[in-house]
Number of protein chains: 2
Amino acid sequence: MQAGAPRWRRRSQARPGEIVQAALDVFAEKGFAAAKLDEIASKAGVSKGALYLYFETKEDIFRAVVREAVVPNIDRVEALLAEATIPFPDLLRLALSQIEAVIETSRLGAVAKLVIGESRNFPELARVWHDEVVSRMLAAMSGALERAQMRGEVRLGEPRLQAFSIVGPILLGVIWQETFTPVGAPPAPLKSLVRQHGETMIAGLAPRAGVSS
Amino acid sequence: MQAGAPRWRRRSQARPGEIVQAALDVFAEKGFAAAKLDEIASKAGVSKGALYLYFETKEDIFRAVVREAVVPNIDRVEALLAEATIPFPDLLRLALSQIEAVIETSRLGAVAKLVIGESRNFPELARVWHDEVVSRMLAAMSGALERAQMRGEVRLGEPRLQAFSIVGPILLGVIWQETFTPVGAPPAPLKSLVRQHGETMIAGLAPRAGVSS
DNA sequence: CCCGTAAATGACCTGACGGTTATATACGAG
DNA sequence: CTCGTATATAACCGTCAGGTCATTTACGGG
């Protein structure tokens with residue numbers, strides 16, 4: 001040990017973020033129950049006791065992780081979809097590429113897997129995730145679809161179900177990458193998947209020839 | 001306690017199935033780590049010790065649960081998709097309704113959730129699930145798509161990605177029902193979801209007018 | 001420079017749960 | 001009927017990990 005180097009530092013501002021970051025890593029890899037506080041602590045460069053200076057319980061840390069991951073910019077996608085001024089195909093292409101960007105930036109996939117896996121043990125978290133992420137996403141998409149239908153740019157149908165059709169394959173791609181790629185399955189190339197799926201959906205949602213409204 | 005009624009019965013044939021069934025319930029609800037052997041045992045109407053007459057460890061039971069759930073008839077769907085004799089739209093409609101039937105019969109959704117949630121802790125199970133279910137499914141679907149492309153019934157594109165587009169929303173529906181419906185979210189009506197998604201995909205995959213091969 | 005206290009530690013406590021085993025019992029074979 | 005053994009039990013054990021706390025240490029204010 002370096003002489004003069006303190007054994008630890010007082011950094012009450014930075015700690016919580018570091019802990020949540022480390023916890024995300026461990027939870028994502030092990031799931032809630034199998035994640036050990038000692039591992040989270042050591043990954044955060046801190047002792048186990050220190051965790052309890054900032055969080056009440058293990059569950060509390062888990063909640064913080066999910067909430068933290070929820071915060072990021074669903075907003076942008078939502079705002080984009082509210083734009084009614086561009087033709088639907090362009091809108092969809094834009095939205096998809098933004099979603100793709102969000103996925104590649106913020107470990108959304110890992111958190112989704114967590115929430116899905118632990119939903120029965122943490123119903124309240126499933127609810128938060130639903131209300132703050134999935135539901136908003138779907139509502140924004142449905143809204144855009146409904147307006148596009150009224151403008152005659154999209155064939156008539158239940159907008160919510162159409163939204164499922166759009167979002168589903170993306171979820172599949174994310175799950176795939178989190179679940180099967182690590183065990184040797186061929187990767188799901190998110191980029192080309194999203195692009196081709198987008199084109200397929202644009203064609204599939206195009207109004208039928210000869211049906212106006 | 002009823003006089004003359006034996007305290008327990010010897011039923012070495014029936015036990016394993018009952019245990020696996022009970023274990024599926026508990027694992028589906030709690031996840032692997034949070035599931036207690038005592039609960040599985042009592043749900044199976046048996047003492048904890050009896051579990052160890054039929055299985056080596058908790059993991060062993062988990063494996064049995066997943067394998068059991070894998071067994072059922074992916075085969076039928078696979079066989080159906082190999083049929084090259086009917087037009088693609090009809091084939092797709094048939095396949096989707098069969099998939100729907102399988103989902104509603106065999107607690108496929110619960111198991112999928114389990115596998116996804118525990119994939120990091122049981123990579124070998126993720127591999128089994130991938131090899132026995134997902135990969136076969138996707139391969140069968142890709143094959144059908146590729147042949148349909150050659151017949152000019154489906155627009156050209158990467159068949160594997162098209163298969164993702166077809167399967168994704170179904171996965172989303174299943175996950176939704178397992179994850180969000182129990183916490184008060186509006187249900188994802190699988191039946192109409194599948195039907196409308198099918199029609200959307202048929203339209204989206206139809207060959208472009210004026211592009212022959 | 002020194003002290004007060006917030007920040008951090010790590011040894012410890014404890015309950016829970018996976019797994020074991022000595023004992024009891026059902027029931028088929030002879 | 002009876003006896004052997006496969007089947008089942010329930011009390012038990014050991015370990016592991018979440019949570020606690022007495023003690024130590026960094027470091028800013030006077």
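A polar contact here is a pair of N or O atoms within 3.5 Å of each other. Keep that cut-off in mind for the DNA views below, and remember throughout that the model is predicted.

**The backbone of A:Ala35 and its neighbours at DNA strand D.** A polar backbone atom of A:Ala35 sits 3.0 Å from a phosphate oxygen of DNA strand D. A:Leu37 also reaches a phosphate oxygen of this strand through a backbone N or O atom, at 2.9 Å. From chain B, a backbone N or O atom of B:Arg11 is found 2.8 Å from a phosphate oxygen of DNA strand D. Two elements give two or more residues to the surface near the strand: helix H3 (48-54) of chain A and helix H3 (48-54) of chain B.

**The wider protein surface around DNA strand D.** Zooming out a little, 24 residues surround DNA strand D. The closest are A:Lys48 and A:Tyr52 from chain A, with B:Arg11, B:Ser47 and B:Tyr54 from chain B. Which element gives the most to this surface? That is H3(B), with 4 residues. By class, the surface near DNA strand D holds 10 nonpolar, 4 polar and 10 charged residues. Looking from the DNA side, sugar or phosphate accounts for 68% of the strand D atoms within 4 Å of the protein, and bases make up the rest.

**Side chains and backbone at DNA strand C.** Here a base comes into view: a polar side-chain atom of A:Arg10 lies 2.7 Å from a base nitrogen of DNA strand C. A:Arg9 uses its backbone instead, with an N or O atom 2.9 Å from a phosphate oxygen of the strand. On chain B, B:Tyr52 places a polar side-chain atom 2.9 Å from a phosphate oxygen of DNA strand C.

**The wider protein surface around DNA strand C.** Both chains take part again, as H3 of chain A and H3 of chain B each supply at least two residues of the surface near DNA strand C. H3(A) has the largest share, 4 residues. In total, 23 residues surround the strand, and the closest are A:Arg10, A:Ser47, A:Tyr54, B:Lys36 and B:Lys48. Sorted by class, they are 10 nonpolar, 4 polar and 9 charged. Of the DNA strand C atoms within 4 Å of the protein, 67% belong to sugar or phosphate, and the others are base atoms.

**Helix H4 of chain A against helix H7 of chain A.** The axes of H4(A), residues 58-70, and H7(A), residues 108-118, come within 10 Å and cross at roughly 130°. H4(A) is therefore oblique to H7(A). The crossing is left-handed. On the H4(A) side, A:Phe62, A:Val66 and A:Ala69 meet A:Val111, A:Leu114, A:Val115 and A:Glu118 of H7(A). This contact counts 6 nonpolar residues, no polar ones and 1 charged residue.

**Helix H4 of chain A alongside helix H8 of chain A.** H4(A) also packs with H8(A), residues 123-150, at an angle of about 5° and with the axes 10 Å apart. Why do these helices count as roughly parallel? Angles under 35 degrees fall in that class, so H4(A) and H8(A) are roughly parallel to each other. From H4(A) the contact draws on A:Phe62, A:Arg63, A:Val66, A:Arg67 and A:Val70, and from H8(A) on A:Glu124, A:Leu125, A:Val128, A:Trp129, A:Glu132 and A:Val133. Its make-up is 7 nonpolar, no polar and 4 charged residues. A:Phe62 and A:Val66 are worth picking out, since they take part in the contact with H7(A) and in the contact with H8(A).

**Helix H1 of chain B across helix H7 of chain B.** In chain B, the axes of H1(B), residues 15-30, and H7(B), residues 108-118, cross at roughly 60° and come within 9 Å. That angle makes H1(B) oblique to H7(B). The two helices cross in a left-handed sense. B:Leu24, B:Phe27 and B:Ala28 of H1(B) touch B:Ala110, B:Val111, B:Lys113 and B:Leu114 of H7(B). The classes here are 6 nonpolar, no polar and 1 charged.

Technical notes: Residues numbered from 1 in each chain as written. Chains lettered and ligands numbered in written order. Predicted model: local features only at pLDDT ≥ 70, side-chain atom pairs only at ≥ 80, totals over all residues. Heavy atoms only, no water. Near = heavy atom within 4 Å. Polar contact = N/O pair within 3.5 Å; in protein donor to acceptor, adjacent residues only side chain to side chain. Nonpolar A, V, L, I, M, F, W, Y, C, P; charged D, E, K, R; others polar. Axes fitted to C-alpha atoms, helices over the stretch in contact; angles between N-to-C directions. Parallel < 35°, antiparallel > 145°, perpendicular 65-115°, else oblique. Left-handed = near helix turned anticlockwise from the far one by under 90°. Contact = heavy atoms within 4.5 Å.
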